[in-house]
Amino acid sequence: ARAAPVPGSPVGYLLAAQNADGGFGAARGQPSSSVYSGWAALGLASANVEPLRVMHGGPSVIGYIEAHPARDTGSLERTILVLRAAGLSARRVAGHDLVAMLERRRGAGGAFGGLVNLTAFGVLALRAAGVPVPAASVRWLIGQQGRDGGYGFAGVGSMSDTDDTGAVLEALAGQPGAAAARRRAVAYLRAHQDHDGGFAAQPGQGSNAQSTAWAVQGLAAVGLNPAAVHRGGGPSPLDYLRSLIGANGAVAYARGQNQTPVWVTGEALMALQERPLPLLSMTLPHPAPRPARRLARGWLRPAARAEGPVRAEAALQRRILRLAAGAGLATAVLLAPLGVG
């Protein structure tokens with residue numbers, strides 16, 4: 001029997017939302033998918049809950065993820081990040097070397113799929129796997145920076161957004177020759193913080209938990225303290241995220257908006273823990289997985305920071321919507337995520 005999770009905390013919400021097949025759906029009681037399962041696993045790992053021990057009467061979340069093979073580039077990147085956060089190799093998964101599969105998808109110029117988000121997450125996944133970051137990928141990312149210092153998912157010429165800028169900051173953390181790009185990206189984020197402490201995907205759209213989480217991740221990855229980021233003496237982004245935690249522990253997407261709470265809570269939890277991607281591998285003290293134990297109420301204390309960066313592919317559809325919204329072509333449409341993001 002699994003120990004009861006602490007109620008009213010993001011960790012408790014995620015543990016309670018797990019399905020018997022080991023996976024997670026968009027919300028508690030909804031069918032499992034690899035996207036939601038991956039982000040739930042990363043969120044829990046950031047709070048020092050070992051993914052191999054997260055189970056609900058059946059397989060662990062890792063068992064679910066391994067049983068549903070990654071097919072697109074974004075899924076490969078996310079799966080590698082999850083496995084390494086669990087202290088597992090991504091070289092032998094159902095007979096496949098996920099790292100080699102990802103490396104084969106890198107273009108001659110260093111980009112993955114020709115997109116900023118996929119390339120940023122490709123760098124993070126390779127770093128998690130212990131593979132040297134290709135210098136061409138770093139150069140390509142630096143070259144996609146907009147005039148405003150931000151990054152858009154499609155690179156130069158696309159509208160900058162918080163999510164991709166935070167992800168690129170994570171990918172460029174500690175990379176030689178990227179200091180100027182990091183400074184400009186940090187300046188972009190600082191300039192676009194809302195007065196409520198949060199960040200919008202793009203200016204004028206209103207703060208949301210996921211964009212705020214990626215901003216926090218990017219800032220933390222380059223050594224800045226997110227708790228000290230205030231606009232005009234207002235709240236910090238961490239204050240904003242905490243304000244969205246509901247009575248059941250789920251993090252709302254925005255004020256009055258509660259879509260995909262598992263996905264949102266998993267991403268927000270990493271930010272609340274100030275744990276940028278890739279998460280440090282966790283070494284299990286026992287060979288056999290055990291259920292997650294009851295968690296102390298001090299779950300929100302920042303854990304030791306992990307090495308550098310964050311984000312990607314099914315975000316493609318979401319990003320296209322955001323760009324369209326920014327151009328006045330659409331406002332809000334809920335799309336089913338397909339890839340990493």
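1. A residue counts as buried here when its relative accessible area is under 20%. With that in hand, 59% of the 341 residues in the protein chain are buried. Please keep in mind that this is a predicted model.

2. On the surface side, the protein chain has an accessible area of about 12,900 Å². Carbon and sulfur atoms account for 55% of that area.

3. The fold is easy to summarise: the protein chain has 13 helices and zero strands. Read from the N terminus, the order of elements is therefore α-α-α-α-α-α-α-α-α-α-α-α-α, with helices and strands taken as DSSP runs.

4. Now to the interior. The largest nonpolar core holds 70 residues, and F24, W39, L42 and L277 have the most contacts inside it. Helix α6 (residues 116-128) supplies the largest share of this core, nine residues. Another core, of 15 residues, lies apart from it; A213, V216, V251 and L272 are among its members.

5. One helix pair is worth a look in your viewer. Helix α8 (residues 162-172) packs against helix α10 (residues 209-221) at an angle of about 25°, and their axes are 7 Å apart. Angles under 35 degrees count as roughly parallel, so α8 is roughly parallel to α10. The crossing of α8 past α10 is left-handed.

6. Which residues make the contact between these two helices? From α8 come T162, D163, G166, L169 and E170, while α10 contributes S211, W214, A215, Q217, G218, L219 and A221.

Key
Residues numbered from 1 in each chain as written. Predicted model: local features only at pLDDT ≥ 70, side-chain atom pairs only at ≥ 80, totals over all residues. Heavy atoms only, no water. Helix = DSSP H or I, 4+ residues; strand = E, 2+ residues; numbered from the N terminus. Buried < 20%, exposed > 50% of the residue type's maximum accessible area, 1.4 Å probe, protein only. Areas by Shrake-Rupley, 256 points an atom, 1.4 Å probe, with all protein chains shown as cover. Core = buried A, V, L, I, M, F, W, Y, C linked by side-chain atoms within 4.5 Å. Axes fitted to C-alpha atoms, helices over the stretch in contact; angles between N-to-C directions. Parallel < 35°, antiparallel > 145°, perpendicular 65-115°, else oblique. Left-handed = near helix turned anticlockwise from the far one by under 90°. Contact = heavy atoms within 4.5 Å.
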